[in-house]
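This report describes the surroundings of the ligands and the arrangement of the strands in the model shown below.

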Amino acid sequence: MRYLICAVLVALSSACMAIVVAGQQAQTGGQEGVQQLDYRNMSPEQRAAATRAFLGLGSVPNKVAAGRGAPLYVKNCAFCHGRTARGATGPSLITSDQVLADDHGEHLAPFLKKGIPEKGMPAFAGMSDQQLTDIAELLHLQVEDVANRGAYQVVNILVGNPAKGKAYVEDHCMSCHTAGTFDHIATRFHSPEQLQRNWVWPARGAEMTADVNTSSGAISGRVIQVSDFRIALVDSSGRAHAVDRGPNVIVKIHDPLAAHQEMVMTLANGDMHNVTAYLETLK
Ligand code: HEC
Ligand code: HEC
């Protein structure tokens with residue numbers, strides 16, 4: 001029963017942890033000579049492993065593959081599923097059965113190749129198995145971040161070199177940003193992981209707009225959904241339009257974050273770690 005409750009409340013894993021601790025103590029209490037299994041006395045690694053087993057999270061996500069998957073996710077999935085996969089116009093992938101049923105892409109890769117085009121989930125037939133598997137690993141890591149708080153201490157992403165990170169920021173970021181973007185940036189986040197997620201995938205503040213020209217006229221407005229096949233927008237009078245994208249339809253999208261996304265595509269893993277290590281010093 002505990003398992004059931006926790007499976008349902010995966011996102012409330014701290015509450016589950018409390019139940020786990022209480023349950024473990026009830027089980028081990030009174031057994032003389034048996035080593036007490038108390039989460040408070042565990043190393044972060046032991047705690048993460050115990051929580052993983054308890055929540056049925058499956059195998060440990062491959063962080064290197066997830067790192068390769070991050071820019072692919074940003075480019076291909078983030079617009080619909082949100083930058084942290086918690087949902088936007090598409091559903092949250094953190095609570096997705098398709099994701100939870102998968103271990104290392106063996107289920108997700110074939111699913112992503114086909115998509116569900118009739119329901120607005122595009123087919124990614126052009127992506128390689130390796131790319132789709134990397135995206136799958138990234139999604140597992142995201143689930144892990146939400147579900148397994150114990151893992152936060154294990155995933156030490158502060159492995160970069162702050163001096164190199166500073167140099168990278170000066171060379172690659174200041175063409176678009178001012179020092180003000182980074183002032184005390186580390187104080188805005190609870191953990192280096194959160195800091196990294198937010199500078200790699202800033203939350204969408206400014207809205208994406210588009211101009212659409214069709215043979216029957218032009219429409220401009222705020223984009224609510226876009227794929228290779230269709231675009232939906234709301235114009236300034238609040239009217240919604242959905243347009244199938246054909247050869248005679250010209251779509252011009254204005255995405256304030258596009259420049260930043262392009263920058264993300266050029267990031268090597270080492271640069272990412274160095275920049276995070278540097279930004280983490282800006283308290
Ligand atoms: C144009 C918007 C769009 C894009 C881009 C997109 N998706 Fe989706 N996705 C959707 C929608 C809408 C659904 C829900 C379909 C349905 O109703 O079953 C969905 C469903 C899913 C599901 C199944 C969720 C579940 O359990 O029901 C997964 C997994 C998924 N998408 C992953 C991805 C990944 C990974 C990418 C990038 C490679 C991606 N999607 C790109 C719109 C999108
Ligand atoms: C080509 C232009 C460009 C480059 C290069 C670029 N960014 Fe950005 N970045 C943007 C834009 C545009 C935004 C969105 C600003 C907004 O919505 O106000 C943004 C947003 C951000 C945000 C969120 C700001 C906030 O206040 O929430 C952070 C953090 C950030 N970028 C960090 C970086 C770092 C670090 C680099 C270098 C490794 C970088 N950016 C390189 C264009 C760029």
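In this predicted model, N213 stands opposite I250 in β5. A second pair involving β5 places A210 opposite I253. Both belong to the description of strand β1, residues 209-214, and its pairing with β5, which is antiparallel and extends over five bridges.

**The sheet**

β1 also pairs with strand β2, which covers residues 217-226; here the sense is again antiparallel and six bridges are found. A hairpin of two residues makes the connection from β1 to β2, and T214 stands opposite G217 in β2.

These pairings are part of an open sheet made of five strands, in the order β4-β3-β2-β1-β5, with antiparallel pairing. Its edges are formed by β4 (240-244) and β5 (250-254), each of which pairs on one side only. On average, neighbouring strands of the sheet are turned by 40° against each other, direction ignored.

The pairings of β1 are set out below.

| Partner of β1 | Sense | Bridges |
|---|---|---|
| β5 | antiparallel | five bridges |
| β2 (residues 217-226) | antiparallel | six bridges |

**The ligand shells**

Which residues come nearest to ligand 1? There are 21 residues around this ligand, and those that come nearest are C77, C80, G90, S96 and M121. Two elements, α5 (78-81) and α6 (97-100), give two or more residues to the shell around ligand 1. By class, this shell holds twelve nonpolar, seven polar and two charged residues.

Ligand 2 has 17 residues around it, of which C173, C176, P202, A259 and H260 come nearest. The elements that give two or more residues to the shell around ligand 2 are α9 (162-172) and α12 (258-265). Of the elements, α12 gives the most to the shell around ligand 2, namely three residues. The class composition of the shell around ligand 2 is eleven nonpolar and six polar residues, with no charged residues.

In summary, the shell around ligand 1 includes two charged residues, whereas the shell around ligand 2 has none. Cysteines occur among the nearest residues of each ligand: C77 and C80 for ligand 1, and C173 and C176 for ligand 2. As for the sheet, β1 lies between β2 and β5 in the strand order, and β5 is one of the edge strands.

Technical notes
Residues numbered from 1 in each chain as written. Chains lettered and ligands numbered in written order. Predicted model: local features only at pLDDT ≥ 70, side-chain atom pairs only at ≥ 80, totals over all residues. Near = placed C-beta within 6 Å. Helix = DSSP H or I, 4+ residues; strand = E, 2+ residues; numbered from the N terminus. Nonpolar A, V, L, I, M, F, W, Y, C, P; charged D, E, K, R; others polar. Pairing = 2+ DSSP bridges. Axes fitted to C-alpha atoms, helices over the stretch in contact; angles between N-to-C directions.
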